[in-house]
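Hi,

Here is the structure I said I would pass on. Have a look at it first, and then read my notes underneath.

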Amino acid sequence: MQKNGKKKETVSTGGHFPAVCASVVSGIITIFVVLLVTVFPLIYRHAYFDILETKYQCYYVCVIGMLVFSLMAALIMLAIDLARYGGKNAKALFARLHPHSWKQTFCAADVAVLVFWLIALISTFQSDYFYESFWGNEGRYTGLFLLTLYVAAYFVISRFWKMKGWVLELFLISGMIVCAIGITDYFELDILNFRGKIKPEQSTIFTSTMGNINTYTAYVGLLMGFSAGMFAAARSVGRQIWYYLCLTVCFFAIIMGCSDNAYLALMAMFGLLPFVMFRTWKGTRRYLLMLAGFFTVVQCIDWINICYEDMVIGLDSLFGVITGFGGLLYIVIALWLIVAACYYTAWKTRARGIAVPGSEEEKRAMLWGRRRILAWGIFAALVIFAGIAAFYDVNVGGNAQRYGALGRYLLFDDSWGTNRGYIWKMSIALYKEFPLRHKLFGYGPDTFGILTTNKIFRGMIDVSGQIYDSAHNEYLQYFVTIGPFGLIAYLVFLGSSVLAMLKNYRSNIYLFGALSAVICYAFQALVNINLPIASPIMWLVFSIAAAACREARKKQMAV
């Protein structure tokens, strides 16, 4: 009788019902997240002619499908809750939306992304081009509609999805396929028969299933950062080997992508990861192994370019400057010798036993970790100072010839970065002429092309021979189109998300992979376009990371 009574009480209160509901909704979200990490990067229709439209349609169909099916499931479960349990579970859920619960319900990133969306909404409604602002059809489809889907997907995934690591492994697997196709394109094999359908002079600026090489390297940068972070955090030897292999493929792919935005992602990854990895000797060893692998790949590509000169596209970017350095092979050999010495020392140390927590040996290890981070910070500051000094010397002192091949990267004029110098300068000039309301909220999302066509059409043609529908700088693009407040909200969203990942990455190794991926994307975005090809993956990584951080916070509160 007692057992039956207990069972009856559980059913009447719906004790297991919330868990069942959460599992159903999470399962629905999983289906669409899997589609986004596997089908979305690989899908195409008519080669490169409609690659942007195809990816855009794939994304919004997946997200709208996820939202619709999740809502249908929620309504069905709400009806069951009202019928069986008097709506107790629904009331508990809605109670979280009450203002007194906002501190527990919304984190800093949530608030920032909501403010970002609200400003984009205001920007659209005050725009002189409402229709174009909403759809982004005169630009790259990054209008209010797509921004709304990004934000909606972020909240649904971060709130209702239980993160599954195998989904991110699928992200890597599909990414390796994209990279492999890109590498074969470097060898001009054209296994998808895409390049034969476009003008020969334009064939090398498109690659793999991503379209333009800048978009391709933005996507590969996400993969590279994720692989590096996972390699740094992986515990088992098998996982370390898998992630290192993925990282090596990404190194080949991002260099053979022949886009200069790749070096910003690489600089960010190799420049910022030491501030976390150098805490321990294990992290330091793995960082050196990554560095040795990168320079080995650069050396291998140099040999490939020499041996198969007539069969490959070749390098004319900053990587060409690196491969042209005569001492590259010696650097590779030196790095591998250092790696071998570090791992041999670790093996000898391990043979003496693991340091006891709280012991003097562990305290010394922590002290040395702080010293390594401090030393790296000083080194990074010196490099930045040297870069600023060289930039000043070239642009003010007029000494570009002093820096050889690097001079053309340091000299900032209209032609810098394939005329990015010109369009950045004109973007600021256009903004200065805006009336006050547009200075505050821009001309509307993705209306940059309308502005340039109406205001500086002749100048664009005379300087570059092309029409710019993007500022080729994601942050400058937001500044002009949705205003300084929209840009600030977006930057706060980026920064607070990164801080949340840093705070919680020890509880979930995938968070460190996501952190590294976001860092790589954020830096390459300084010279790249926000397109619904690589950007949806970036927003998805943010959403998944937010879901993992939320789970980590729940575990901490339960302890």
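Below is what I found in it, starting with confidence and moving on to the core, the surface and the salt bridges.

First, the caveat: this is a predicted model. The chain has a mean pLDDT of 90, with 93% of the residues at 70 or more. The weak spot to keep in mind is residues 1-13, where pLDDT is below 50. That stretch has five contacts in the model once near neighbours in sequence are set aside.

Now the inside. The largest nonpolar core holds 170 residues, and the members touching the most others are Met224 and Met269. Helix H10 (residues 213-233) gives this core its largest share, 13 residues. A separate core has five residues, including Ala47, Tyr48, Phe194 and Phe206. If you want a place to start looking, try Met269: leaving out residues up to four places away in sequence, it touches Met224, Gly225, Ala228, Phe251, Pro274, Met290, Ser516 and Cys520.

On the outside, there is a nonpolar patch made of Trp303, Ile306, Leu329, Ile333 and Leu337, which together have about 510 Å² of accessible area. Helices H14 (281-307) and H16 (328-351) each put in at least two residues, and H16 has the largest share with three. Ile306 sits in H14 and counts as exposed because its relative accessibility is 57%, over the 50% cut-off.

Then the charges. The count is eight salt bridges, and three of the residues involved, Asp110, Arg159 and Arg550, are linked in a network. Here is how that network is put together:

- Asp110 and Arg159 pair at 2.9 Å, N to O. Asp110 is in helix H6 (residues 108-125) and Arg159 in helix H8 (residues 144-160), so this bridge ties together parts 49 residues apart in sequence.
- Arg550 and Asp110 pair at 3.1 Å, N to O. Arg550 is in helix H25 (residues 535-558) and Asp110 in H6, so here the parts tied together are 440 residues apart in sequence.

Buried or exposed, these residues of the network? Asp110 and Arg159 are both buried, and Arg550 is buried too.

Another bridge joins Lys425 and Asp414, with the closest N and O atoms 3.0 Å apart. Lys425 is in helix H19 (residues 416-432), while Asp414 is in the loop between helix H18 (407-410) and H19, eleven residues away. Lys425 counts as partly exposed because its relative accessibility is 44%, and Asp414 is also partly exposed, at 28%.

Cheers

Note on methods
Residues are numbered from 1 along each chain as its sequence is written. This is a predicted model: local features need pLDDT of at least 70, side-chain atom pairs count only at pLDDT 80 or more; totals for chains, interfaces and linings use all residues. Side-chain values use heavy atoms; hydrogens and water are left out. A nonpolar core is a set of buried Ala, Val, Leu, Ile, Met, Phe, Trp, Tyr and Cys residues joined through side-chain atoms within 4.5 Å. Buried means under 20% relative accessible area, exposed over 50%, partly exposed in between (1.4 Å probe, protein chains only). Helices (H or I, at least four residues) and strands (E, at least two) are DSSP runs, numbered from the N terminus. Contact means heavy atoms within 4.5 Å. pLDDT is the predictor's confidence in each residue, from 0 to 100. Patches are made of residues with over 30% relative accessible area and no salt bridge: like charges are joined within 9 Å, nonpolar side chains (Val, Leu, Ile, Met, Phe, Trp, Tyr) within 5 Å. Accessible areas come from the Shrake-Rupley method with a 1.4 Å probe; for residues, only the protein chains shown count as cover. A salt bridge is a side-chain nitrogen of Lys or Arg within 4 Å of a carboxyl oxygen of Asp or Glu.
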